[in-house]
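Colleague: Please take me through this model feature by feature, giving me the general idea before each case.

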Amino acid sequence: MSSDVAAAIELCGLCRVLPSGGRMLTILDGIDLTVARGESVAVIGPSGSGKSTLLGLIAGLDRPSGGSVHIHGQRIDTMSEDRLARLRRGRIGFVFQTFQLLGNLTALENVALPLELTGDRRASGGARQLLEAVGLGERTHHYPSQLSGGEQQRVAVARAFSPDPDILLADEPTGNLDSATGRLVLDLLERLRSRMGTTMVLVTHDDEVASRAASRIYLRDGRIVVREAGEGAGQAATAGEGGGHDQPQPAAEAGASPSPVARGAGR
Ligand code: ADP
Ligand code: MG
């Protein structure tokens, strides 16, 4: 598969089965999904439907029980841990619900760390510009404990984008924030994403949040039950047959148009 034409993410018959209480528990059950480069997809579903497991498999943090995961045409589910770690480091960014900043590093050091790991000598300058882009240019020397939840998540967003990843995975990034703060964080995510051309998969159980993404998939019991492409999405995510449309299909909404890019986000 040529990397020029390959989708950013291609999941084929993806399954995850785990032993639980003496029997096998099916967590993901035959997920087919293609995400084009630069596209943003929201994954919606009730707690326990397999959203985090799906993200972990896309990131190569977990291995599937069946099916395959291709990232830009490269099959990753059979890749060695070493190669996978290298691929993840520079190309896949992650934002978690619980921020996951390193408490003994300042905001600037947290954002610079992924750049330093890729050997970028300009790590500190790049990190500073990203912190400015998320409105925290004055807080570079603060430690996570000195920042509010929203500020910590803005640092985490800056950190996720700092190695200029091809793919950004966000697992309920507003789940621990009040709605106004959550909206601000999502605006920043979308602004940086569209500026840097990043492919994004955003997990949420909030329909309002999901309506901002170009396309949406609904998970239930480890299957895709509905998929929608937003108007003006350009390139739509394509899910395979992946289960019937057994729930009412929410009205399609156009994704939020990208906001103007914050100045100084680039490196
Ligand atoms: P979501 O993110 O949609 O809430 P998860 O992907 O975290 O769902 O989990 C899906 C299901 O798999 C849940 O029922 C959860 O309890 C179960 N599960 C996830 N990870 C494990 C694990 N390591 N061992 C056993 N069960 C797990
Ligand atoms: Mg989850």
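**Reading the features**

Modeller: D164 is partly exposed because 19 other C-beta atoms lie within 10 Å; on this scale, 20 or more other C-beta atoms within 10 Å, all placed from the backbone, make a residue buried, 12 or fewer make it exposed, and anything in between is partly exposed. The model is a predicted one, in which local features need pLDDT of at least 70 and side-chain atom pairs count only at pLDDT 80 or more, while totals for chains, interfaces and linings use all residues. Residues are numbered from 1 along each chain as its sequence is written, and chains are lettered from A and ligands numbered from 1 in the order in which they are written.

Colleague: Where does D164 sit, and what is its phi?

Modeller: Helices (H or I, at least four residues) and strands (E, at least two) are DSSP runs numbered from the N terminus, and D164 is in the loop between α5 (149-161) and β7 (167-171). Its phi is positive, near 50°, although D164 is a residue other than glycine. H72, also not a glycine, has a positive phi of about 50° and is found in the loop between β4 (66-71) and β5 (74-75).

Colleague: How do strands β1 and β2 pair?

Modeller: Two strands pair if DSSP finds at least two bridges between them. Strand β1 (residues 9-20) and strand β2 (residues 23-35) do so in the antiparallel sense over 10 bridges, with S20 bridging to R23 in β2. The hairpin has 2 residues between its strands, and G21 there takes a positive phi near 55°.

Colleague: How should I read a pair of packed helices?

Modeller: Two packed helices are described by the angle between their axes and the distance between the axes. Here axes are lines fitted to C-alpha atoms, for helices over the stretch in contact, with angles from 0 to 180 degrees between N-to-C directions. The axes of α3 (residues 107-117) and α4 (residues 123-133) come within 8 Å and cross at roughly 125°. The two helices are therefore oblique to each other, since under 35 degrees counts as roughly parallel, over 145 as roughly antiparallel, 65 to 115 as roughly perpendicular and the rest as oblique.

Colleague: Is L168 buried or exposed?

Modeller: L168 lies in strand β7 and is buried, because 23 other C-beta atoms lie within 10 Å. Leaving aside residues up to four places away in sequence, L168 touches G93, A160, R193, T198 and M200, contact meaning that C-beta atoms placed from the backbone lie within 7 Å.

Terms used
Two residues are in contact if their C-beta atoms, placed from the backbone, lie within 7 Å.
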